[in-house]
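This report goes through one chain, from its overall form to selected charged residues. Please look at the sequence and the structure first.

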Amino acid sequence: MANILAIESSCDETAVAILSDGKLLSNVVATQISVHERFGGVMPEIASRLHAENITVCLSQALHESGLSFEDIDAFAVTRGPGLIGCLHVGLQAAKTLAMLYDKPLIPVHHLAGHIYANEYVGEFHFPLLCVVVSGGNTELVLMKDHMDFEIIGETVDDAVGESYDKVARVLGLPYPGGLPIDQHAKNGKHVYDLPEPKGMENPLDFSYSGLKTAVINLVNSMKMKGEPVSVDDMARSFQDVAVKMIVDRALKAIEMHKVKQVILAGGVSANSYLRAQMKEKLEGSDVELIIPPLWCTTDNAAMIAKVAERLYEKKVFASLSLGVDPNWKIDHWDDFE
């Protein structure tokens, strides 16, 4: 075991965590949401600049909370991808600099693997298991037959579910990020608007959110042009019912097809209360165990990166200082980074 310092900067959170022999000593997160909400989404150039401003502060605070110094760190881990290229660069350059200065190993970590392994703070993995990875940039079903063994068996062919939530929230006049306000309004609404779900996809485990998102936007704009009132509660409920049903239906198909022992929710959208409730309801009484991450694990943080890095350190999976970022890095190629 070792002292591992991990850095996460893939989108709009600058985060640093220190894990020591499996114990989380610090987990510092500097969020940029208040800056980006005025634009209704993340502005990449601004995000990169804010990461550069925040990284040294987060490093200092993480060390202070842990009671350790840089000299005590055995390896530096960092999110290599996927994510926004400029944001990833800030974290990677910080990690490479520290690895060089203190002559310690550099560990590249896949962002989605981090979201998956955040669940190890909750419970032990039992294989084979299904990871339902749902976030602002990703919507995937990932089958794991062992640790660090990822097979993508279903993915979005266009928009991610979290991105759709954000864009629907914007057209309804709700704040960014859109997941929480839509979830809250949906609890007070009824499913009265007829919205489409994609049919006849080549892979029955794949997702498509472009049509659903566009249908909401067109319907809202059409109603406004006609002077008809739009019920935000009812539209949020109608949208969320279809969006979450798509996830649950495909997850249940995958469970049956692959005979998994465990299902893990991961990513920002796993904080959605309706998704959590639906998954609990559908799996209640079955032999399949459901692990739902605590809310602090659903947003981007470095504790999840450290958890993956801990396993990679044991395997001596290290990168050279010539390592570059990969904004489109696929999780089933997590070990392909040279």
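The sections below cover the fold, the salt bridges, a charged surface patch and one strand residue.

## Overall form

The model is predicted. Its chain contains 11 helices and 10 strands. The chain has a radius of gyration of 20 Å, close to the 20 Å that the globule rule gives for 338 residues, so the chain is as compact as a globular protein of that length.

Along the principal axes, the C-alpha atoms fill a box of roughly 65 × 45 × 30 Å. Buried residues make up 54% of the 338 in the chain.

## Salt bridges

Side chains of opposite charge can pair when their charged atoms come close. Across the whole structure, 10 salt bridges are found. Three of these pairs are described here, by helix.

## The pair in helix H5

Glu163 and Lys167 are joined by a salt bridge between their side chains, with an N to O distance of 2.8 Å. Both residues belong to helix H5, which covers residues 161-171. Because they are four residues apart in that helix, about one helical turn separates Glu163 from Lys167.

Glu163 has a relative accessible area of 24% and is therefore partly exposed. Lys167 is also partly exposed, at 28%.

## The pairs in helix H8

Helix H8 spans residues 232-258 and holds both Arg237 and Asp241. These two residues form a salt bridge in which the closest N and O atoms are 3.0 Å apart. Their spacing is four residues, about one turn of the helix. Are the two partners buried or exposed to some degree? Arg237 counts as partly exposed because its relative accessibility is 29%, whereas Asp241, at 13%, is buried. The cut-off behind this is that buried means under 20% relative accessible area.

Helix H8 also contains Lys245 and Asp249, again four residues apart and separated by about one helical turn. Their side chains meet in a salt bridge of 2.6 Å, N to O. Lys245 is partly exposed with a relative accessible area of 41%, and Asp249 is partly exposed with 25%. Lys245 and Asp249 also take part in a network of salt bridges that links them with Glu197 and Arg250.

## A negative surface patch

Which residues form the negative surface patch? The patch consists of Asp146, Asp149, Glu151 and Asp332.

One of its members, Glu151, sits in strand E8, which runs over residues 151-155. With a relative accessibility of 38%, Glu151 counts as partly exposed. That value fits its place in the patch, because patches are made of residues with over 30% relative accessible area and no salt bridge.

## A residue in strand E3

Val29 is part of strand E3, formed by residues 23-31. The relative accessible area of Val29 is 40%, so Val29 is partly exposed.

How far apart are the C-alpha atoms of Val29 and Glu8? They are separated by 9.0 Å, while the two residues lie 21 residues apart along the chain.

## Summary

The chain combines 11 helices and 10 strands, and 54% of its residues are buried. Among its 10 salt bridges are Glu163 with Lys167, Arg237 with Asp241 and Lys245 with Asp249. The negative surface patch includes Glu151, a residue of strand E8.

How values were computed: Residues numbered from 1 in each chain as written. Predicted model: local features only at pLDDT ≥ 70, side-chain atom pairs only at ≥ 80, totals over all residues. Heavy atoms only, no water. Patch = residues over 30% accessible without salt bridge, like charges linked within 9 Å, V, L, I, M, F, W, Y side chains within 5 Å. Areas by Shrake-Rupley, 256 points an atom, 1.4 Å probe, with all protein chains shown as cover. Salt bridge = Lys/Arg side-chain N within 4 Å of Asp/Glu carboxyl O. Lys, Arg positive; Asp, Glu negative; His and termini not counted. Charge placed at Lys NZ, Arg CZ, Asp CG, Glu CD. Helix = DSSP H or I, 4+ residues; strand = E, 2+ residues; numbered from the N terminus. Buried < 20%, exposed > 50% of the residue type's maximum accessible area, 1.4 Å probe, protein only. Rg over C-alpha atoms; globule rule 2.2 N^0.38 Å.
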